[in-house]
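User: Could you take me through how the helices and strands of this structure are arranged?

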Amino acid sequence: MSQYQHSDQALSDDECLRYSRHLLLKDLGEAGQLKLKHAQVLVIGMGGLGAPASLYLAAAGVGRLVLADFDEVDSSNLQRQVLYREGDIKQPKVESAKQHLQALNSNIQIRSVNRKMDAMLLAMEVAQADVVLDCSDNIATRYAVNQACVEAKVPLVSGAAVAFDGQLMVFDFRKAEQGCYHCLFPNASEQQLNCSNAGILGPVVGTIGSLQALETIKLITDIPSAQVGRFSSFDAHSLEWFHLSVNADANCPVCSNQKDKS
C-alpha cells in the first residue's frame, strides 16, 4: 500500500475553502481531508461505473487517481457515462477522463493507463493503491482484480450493473478474517446478459458508481461502514436493496492461503 511523504501536513487556505463542506463533518474534518489528499486510488474501468465514481473522487480531493481502461468513447456511451462529451467520441476513455477530471480539480494528480493490464502490471498498480475500485464489466477482470487485491492486502470496492439491477461489494483485505469475491462467486461464468444486449438505465450505474466513491472515501478516512464484507443488490424498479454477508471460505483458492500468511 502506498506510503507517501508530504511536507504539507495542513490544508491550504484554498483547500479549506474548496472542501469546507467536508470540514464541517464531524466524521471527516481536516484530518479526513488530509487522508484523502494523501491517498492513491486505482479505478479499473472508466465506463458507466468508473465515470461517476471518478468524478466524485476527484471532487472530494483524492490526491492521486490512476485510471485504467483500454476502450474508446462511443456515442452509445453518452447515455450513461456522464464524464464524457460528444467531442470525446473515438478518443481513449482514460485520456478524455483525465482531461475532464483535471478541469474539475487541478490540485490532484491523475495518471492514465491506456492498455489492457496483464497480471504483472495489475499487481504493480494494485500494490501502489490505497483502495481499488473494480468498475469493469466482465467476470475475468473481476476475478483478476480480486486476486491482486487479496495478495496485496488492499481494500476493494466492486460494482456491477445491468438493466435495472445493480450490485455493490466492499472487501477490506487489511482484515485477516475478510472473505473475497471468489468466496461469494466461486464458479461464476460470463453473464449472458450485459449492457450491450440487455440494456442499462443510466441512473442505475450512476447510483452504484456514486456509492463506490462513497465507500472508497469511508475506507480512506476510516469512517466505519456496514458495507464491508457485504454483498448488496439494488432493484431500480422498487428502489429496494437485498443484503447478504460474505463469509470467508476456508477452502477458497484465492484468499485462504493469504490468511495463513497473515
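Analyst: The model is predicted, and the discussion below covers its sheet and a helix pair.

User: How many strands form the sheet, and in what order?

Analyst: The open sheet is formed by eight strands in the order 3-2-1-4-5-6-7-8, with mixed pairing.

User: Which are the edge strands?

Analyst: They are strand 3 (109–113) and strand 8 (240–245), each of which pairs on one side only. From one strand to the next, the twist averages 15°.

User: How do strand 1 and strand 2 run, parallel or antiparallel?

Analyst: Strand 1 (residues 40–44) and strand 2 (residues 64–68) run parallel and are joined by five bridges. Within this pair, Val41 has Leu65 in strand 2 as its bridge partner.

User: What lies across strand 1 and strand 2?

Analyst: Helix 4 (residues 50–60) does, and it also lies across strand 4 (131–134). Relative to strand 2, helix 4 runs at about 165°.

User: Changing topic, at what angle do helix 6 and helix 7 pack?

Analyst: Helix 6 (residues 119–127) packs against helix 7 (residues 139–152) at an angle of about 50°, and their axes are 9 Å apart. Helix 6 is therefore oblique to helix 7. Their crossing is right-handed.

User: Which residues meet there, in helix 6 and in helix 7?

Analyst: From helix 6, Leu122, Val126 and Ala127 meet Ala144, Val145, Ala148, Cys149 and Ala152 of helix 7.

User: How do the residues of that contact divide into nonpolar, polar and charged?

Analyst: Eight residues of the contact between helix 6 and helix 7 are nonpolar, with no polar and no charged ones.

Note on methods
Residues are numbered from 1 along each chain as its sequence is written. This is a predicted model: local features need pLDDT of at least 70, side-chain atom pairs count only at pLDDT 80 or more; totals for chains, interfaces and linings use all residues. Side-chain values use heavy atoms; hydrogens and water are left out. Axes are lines fitted to C-alpha atoms, for helices over the stretch in contact, and angles run from 0 to 180 degrees between N-to-C directions. Helices (H or I, at least four residues) and strands (E, at least two) are DSSP runs, numbered from the N terminus. Angles under 35 degrees count as roughly parallel, over 145 as roughly antiparallel, 65 to 115 as roughly perpendicular and the rest as oblique. A crossing is left-handed if the near helix is turned anticlockwise from the far one by less than a right angle, and right-handed if clockwise. Contact means heavy atoms within 4.5 Å. Ala, Val, Leu, Ile, Met, Phe, Trp, Tyr, Cys and Pro count as nonpolar, Asp, Glu, Lys and Arg as charged, and the others, Gly among them, as polar. Two strands pair if DSSP finds at least two bridges between them.
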